[in-house]
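Biologist: Could you take me through this model? I would like to begin with the backbone and then move on to other topics.

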Amino acid sequence: MRGPLCRVMPMRAQRVVLRVASQREVAAVARMQADAALTEHRLIPDIASHRHDIPNGRRYWRRALRGSRQRLFIAVRGSEVVGAIGVDLIVARHRMAPVRRRIYLHSLYVVPHARRFRLAQGLTRLALDWGRGRGATQARLEMAAPNRSARALYESLGFRAREMMFARPL
Ligand SMILES: CC(C)(COP(=O)(O)OP(=O)(O)OC[C@H]1O[C@@H](n2cnc3c(N)ncnc32)[C@H](O)[C@@H]1OP(=O)(O)O)[C@@H](O)C(=O)NCCC(=O)NCCS
């Protein structure tokens, strides 16, 4: 199975399918996002909360999946969702905006036992392909500054740091 928005990748002796998520997978993704929130909290505790509202996460993704400007891609091994990435299409209202259509990547997470099999790379590439197919000419994302694995991943895909957000307690 291989198409513009679907890929199969090897993981040990098994196959992992990367594809668009359906409503059926929303609950699993919302649970994974709780782990993602905890990871981010450990990296930047003063910015990111350790708590994640799972029911609210489910509602968010259910709504997002119905729209045409958001997609959720997942990596599935057997019946287990082992990774996910969300992507939003942002269309500038201002006609003179330097970039009229861009995508915003978010919610990338791969479960610990499925890491270093290039699943995050594959998921991110699918999200980029989806954006290109919708006329986007730029991709953006935000990440916690100390997250070295995420930084290495994004740089391996051609992303470069363009802005910085500074913070301090008051
Ligand atoms: C960051 C994360 C998504 C990477 O997922 P992954 O599937 O293991 O990443 P991949 O296997 O696709 O890695 C691709 C490349 O990214 C880099 N990379 C990924 N994890 C790395 C790590 N722990 N240390 C160093 N480089 C790493 C490497 O360059 C790697 O290529 P290589 O295997 O040829 O060296 C995963 O560790 C994760 O879910 N972390 C917690 C959540 C998170 O940080 N999300 C990102 C929020 S911005």
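Biologist: Where is the place of S107?

Modeller: S107 is in strand 5, and this is a predicted model. Its phi is near 60 degrees, a positive value in a residue other than glycine.

Biologist: Is S107 buried or exposed?

Modeller: S107 is partly exposed, because 19 other C-beta atoms lie within 10 Å, and a residue needs 20 or more to count as buried.

Biologist: Which residue in the loop between strand 1 and strand 2 should I look at next?

Modeller: R12 lies in that loop, between strand 1 (7-11) and strand 2 (14-20). R12 is not a glycine, yet it has a positive phi of about 50 degrees. Most residues other than glycine have a negative phi.

Biologist: And how many other C-beta atoms does R12 have within 10 Å?

Modeller: There are 8, so R12 is exposed; the limit for that class is 12 or fewer.

Biologist: Let us turn to the strands. In which sense do strand 3 and strand 4 pair?

Modeller: They pair in the antiparallel sense, over eight bridges. V76 stands opposite V81 in strand 4. The hairpin of strand 3 and strand 4 has two residues between the strands, and G78 takes a positive phi near 60 degrees there.

Biologist: What about strand 4 and strand 5, how many bridges join them?

Modeller: Eight bridges join strand 4 to strand 5, and these strands run antiparallel. Here V87 stands opposite L105 in strand 5.

Biologist: Fine. What pattern does the protein follow along the sequence?

Modeller: The pattern reads β-β-α-α-β-β-β-α-β-α, with four helices and six strands. The radius of gyration is 16 Å, close to the 15 Å that the globule rule gives for 170 residues, so the protein is as compact as a globular protein of that length.

Biologist: What box do the C-alpha atoms fill?

Modeller: Taken along the principal axes, the box is roughly 45 × 40 × 30 Å. Of the 170 residues, 25% count as buried. Among contacts with a separation of 6 or more, 61% are between residues 24 or more positions apart.

Biologist: Now the interior. How many residues has the largest nonpolar core?

Modeller: That core has 28 residues, and those with the most contacts inside it are V29, F73, A84, I85, L119, L123 and A127. Strand 2, helix 1, strand 3 (70-77), strand 4 (80-91), strand 5 and helix 3 each supply at least two of its residues.

Biologist: Which residues does F73 touch?

Modeller: Leaving out residues up to four places away in sequence, F73 touches L18, R19, V20, A21, A84, I85, L123, L126 and A127.

Biologist: Last topic, the ligand. How many residues surround it, and which are closest?

Modeller: The ligand is surrounded by 19 residues, of which R115, A120, S149, A152 and L153 are the closest. By class, this shell has 11 nonpolar, five polar and three charged residues.

Biologist: Which elements each supply at least two residues of that shell?

Modeller: Helix 1 (26-43), strand 5 (101-110), helix 3 (119-133) and helix 4 (148-156) each do so.

Biologist: And where does the largest share come from?

Modeller: Helix 4 supplies the largest share, with five residues of the shell around the ligand.

Note on methods
Residues numbered from 1 in each chain as written. Predicted model: local features only at pLDDT ≥ 70, side-chain atom pairs only at ≥ 80, totals over all residues. Near = placed C-beta within 6 Å. Nonpolar A, V, L, I, M, F, W, Y, C, P; charged D, E, K, R; others polar. Rg over C-alpha atoms; globule rule 2.2 N^0.38 Å. Contact = placed C-beta atoms within 7 Å. Core = buried A, V, L, I, M, F, W, Y, C linked by C-beta atoms within 7 Å. Pairing = 2+ DSSP bridges.
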